[in-house]
Amino acid sequence: MADLITVEDPDDPRLHDYTNLTDVELRRRREPAEGLFIAEGEKVIRRARDAGYEMRSMLLSPKWVDVMRDVIDELPAPVYVVGPELAERVTGYHVHRGALASMRRKPLPAAAGLLRTARRVVVMEGVNDHTNIGAIFRSAAALGMDAVLLSPDCADPLYRRSVKVSMGAVFSVPYARLEPWPQSLESVREAGFTLLALTPDEKAGTLDEAAPHRMDRVALMLGAEGDGLTPRALAAADERVRIPMSHGVDSLNVGAAAAVAFYAVTAGRPQR
């Protein structure tokens, strides 16, 4: 059973994992270097635990102790109980969900290992907005994509905002970094995948015409909001595909586009 420790000093070094959570640049550097990530809210904490992530500690407001009692009873790590004002001073924002957990990262798998067993994968290039990363992972999990491959400059799926937006779906879909970029796209092709580059270019064929749900193995390539896939990534694709638009709309947010495309890619496949 975890120790319940009441903390009243915002500078207590035991709260180090939770300091300055709103400083994006600091946390992006610090969390991977220290091998941790932050799970926020009861559901996300439980999903991280159920996915096998080891908990370093929890930070709870008093009213959340009873809610999280079953987790606390199984936890060997410390649980820090703090008032809402102190939690805000430590983290830099009002922790309205009342529950945070510092989790230990797992080593990332190699892309080659994921490709051996997957049939439908997402390949993201330069998607560095944490909200978009979270939304794409949530759609990937919901619509039956098997894995996510990230270019080196994509945002961290385990950053707090990504985890929160995905509602913990980042724990459900395995992912790996694909390096070097974009040369390593050839290894995806060599694993038997057809590389489909999603683009708003009207010269591209539609998803319906490409019929990716009939292909044996598909890697759907997505680019960053606004700029889309780079010319080098587009050149590496086997085919360019688009989602047909109406009413003068030229494109969708990458998170929305991903959900539409994932459905087209996975249609007819049994869901797990």
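The following legends describe close-up views of a β-sheet in a predicted model. In this predicted model, local features need pLDDT of at least 70 and side-chain atom pairs count only at pLDDT 80 or more, while totals for chains, interfaces and linings use all residues. Residues are numbered from 1 along each chain as its sequence is written, and side-chain values use heavy atoms, with hydrogens and water left out.

**View 1. The open sheet and its strand order.** Five strands, in the order β1-β4-β3-β5-β2, form an open sheet of mixed pairing. Strands (E, at least two residues) and helices (H or I, at least four residues) are DSSP runs, numbered from the N terminus; two strands pair if DSSP finds at least two bridges between them. β1 (4-6) and β2 (36-40) each have a single partner strand and stand at the edges, so one side of each lacks a neighbour in the sheet. From one strand to the next, the twist averages 20°; axes are lines fitted to C-alpha atoms, for helices over the stretch in contact, and angles run from 0 to 180 degrees between N-to-C directions.

**View 2. Helix α1 against the sheet.** Helix α1 (residues 24-34) packs on the sheet and touches β2 and β3, contact meaning heavy atoms within 4.5 Å. The direction of α1 makes about 115° with that of β2.

**View 3. Strand β3 and its enclosure.** Of the 6 residues of β3 (residues 55-60), 5 are buried, so the strand is largely enclosed by the rest of the structure. Buried means under 20% relative accessible area (1.4 Å probe, protein chains only).

**View 4. Bridge partners of β3.** β3 runs antiparallel to β5 (residues 99-104), joined by 5 bridges, with Leu59 opposite Leu100. With β4 (residues 79-81), β3 pairs in the parallel sense over 3 bridges; here Tyr80 is the bridge partner of Leu59, and Val81 stands opposite Leu60.

Conventions: Buried < 20%, exposed > 50% of the residue type's maximum accessible area, 1.4 Å probe, protein only.
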